[in-house]
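Please walk me through this structure step by step, explaining how its helices are placed and what the loops between them look like. I am in my first year, so I would like the reasoning spelled out.

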Amino acid sequence: MDPKLTEVSQLFDRFKAAFLRNDFDSASNLLSQLKVLLTGFRSLPPLFADTPNAVQELTIARDIYEHAVVLSVKIEDQDAFERDFFQLKPYYTDARNRLPQSPQEYPILGLNLLRLLVQNRIAEFHTELELLSSVALENPCIKHAVELEQSFMEGAYNRVLSARQTVPHETYVYFMDLLAKTIR
């Protein structure tokens with residue numbers, strides 16, 4: 001294995017260990033180091049160079065950015081969420097034909113829709129929806145955000161409040177709590 005890829009992989013293992021321990025300060029510091037190391041991979045966006053380790057580099061980078069998005073929710077940092085999500089998004093769109101689909105894709109896309117809803121960025125919410133495939137729209141994580149937006153727009157705030165009990169992913173609770181605060 002390429003020494004740079006090995007270094008990133010080992011550092012990512014340390015990041016995940018800190019993340020699981022809820023040591024978010026260490027995880028944030030390790031994440032910063034990981035992001036710097038990722039800049040050395042020419043196979044990543046926007047270059048997408050066809051390197052010998054391109055698939056492994058794209059996969060680990062996507063995993064790192066997915067963890068970064070979830071970390072930003074855990075530390076309740078919406079600005080970091082937005083930055084990390086925009087760094088991750090090309091892996092879901094531009095690299096789609098180079099990588100197998102991530103099991104975290106729909107939960108994270110749904111999480112972004114929730115964030116836009118919480119921030120009252122309804123036009124962007126609908127733009128993001130239009131970019132999704134019909135398969136994505138059927139996913140419970142995406143449907144949850146869509147149904148929430150419909151309830152919100154109809155003024156059915158009791159449905160919005162009760163939707164917290166049926167979140168499709170544990171990371172949704174943070175944004176659901178913020179949404180509940182705007183209603184009350």
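**Helices, their contacts and their loops**

The buried residues of helix H8 are covered by a surrounding set of elements that includes H5, helix H6 (122–130), helix H7 (134–137), helix H9 (157–162) and helix H10 (172–183). The model is a predicted one, and this helix is a good place to begin reading it. The buried residues of H8 are Cys-141, Ile-142, His-144, Ala-145, Val-146, Leu-148, Glu-149, Ser-151 and Phe-152. In general, an α-helix has 3.6 residues a turn, so residues three or four places apart point the same way.

The length of H8 can be checked with simple arithmetic: its 15 residues, 140–154, should span 21 Å at 1.5 Å a residue, and because the C-alpha atoms at its ends are 21 Å apart, the model agrees with the expectation. At the N-terminal end, Asn-139 acts as a cap, with a side-chain oxygen 2.8 Å from the backbone nitrogen of Cys-141. Beyond the other end, H8 is followed by Gly-155, which has a positive phi near 80°.

One of the elements covering H8 can be looked at through a single residue, Pro-107, which lies in helix H5 (residues 105–118). Pro-107 has a relative accessible area of 9%, and it is therefore buried, the limit being under 20%. Leaving out residues up to four places away in sequence, Pro-107 touches Cys-141, His-169 and Tyr-172. By contrast, Thr-51 is 56 residues away from Pro-107 along the chain, and their C-alpha atoms are separated by 30 Å.

We can now turn to an earlier part of the chain. Two packed helices are described by the angle between their axes and the distance between the axes. For helix H2 (residues 24–38) and helix H3 (residues 54–74), the axes come within 11 Å and cross at roughly 150°, and the crossing is left-handed. On the H2 side, the residues that meet H3 are Phe-24, Ala-27, Ser-28, Leu-31, Leu-34, Lys-35 and Leu-38, while H3 contributes Ala-61, Ile-64, Tyr-65, Ala-68, Leu-71 and Lys-74. Sorted by character, the residues of this contact comprise ten nonpolar, one polar and two charged.

Helix H3 also holds Ser-72, which counts as buried because its relative accessible area is 2%. Apart from its neighbours within four places in sequence, Ser-72 is in contact with Asp-77, Ala-80, Phe-81 and Asp-84.

Before H2 comes helix H1 (residues 3–20), where Ala-18 is found; with a relative accessibility of 1%, Ala-18 is buried as well. Not counting residues up to four places away, Ala-18 touches Asp-23, Ser-26, Ala-27 and Leu-30. Ala-18 and Ser-28 are ten residues apart in sequence, and their C-alpha atoms lie 9.1 Å apart in space.

The loops bring a few exceptions to a general rule, namely that most residues other than glycine have a negative phi and most peptide bonds are trans. In the loop between H1 and H2 sits Asn-22, which has a positive phi of about 60° without being a glycine. Because its relative accessibility is 52%, Asn-22 counts as exposed. The loop between H2 and H3 contains Phe-48, another residue that is not a glycine but has a positive phi, here about 50°. Phe-48, however, is buried, since its relative accessible area is 15%. Pro-46 is also found in the loop between H2 and H3, and a cis peptide bond, with omega about 5°, joins Pro-45 and Pro-46.

Definitions and conventions. Residues are numbered from 1 along each chain as its sequence is written. This is a predicted model: local features need pLDDT of at least 70, side-chain atom pairs count only at pLDDT 80 or more; totals for chains, interfaces and linings use all residues. Side-chain values use heavy atoms; hydrogens and water are left out. Helices (H or I, at least four residues) and strands (E, at least two) are DSSP runs, numbered from the N terminus. Buried means under 20% relative accessible area, exposed over 50%, partly exposed in between (1.4 Å probe, protein chains only). Contact means heavy atoms within 4.5 Å. Axes are lines fitted to C-alpha atoms, for helices over the stretch in contact, and angles run from 0 to 180 degrees between N-to-C directions. A crossing is left-handed if the near helix is turned anticlockwise from the far one by less than a right angle, and right-handed if clockwise. Ala, Val, Leu, Ile, Met, Phe, Trp, Tyr, Cys and Pro count as nonpolar, Asp, Glu, Lys and Arg as charged, and the others, Gly among them, as polar. The expected span of a helix is 1.5 Å times one less than its number of residues. A polar contact is a pair of N or O atoms within 3.5 Å; within protein, one must be able to donate a hydrogen and the other to accept it, and residues adjacent in sequence count only if both atoms are side-chain atoms.
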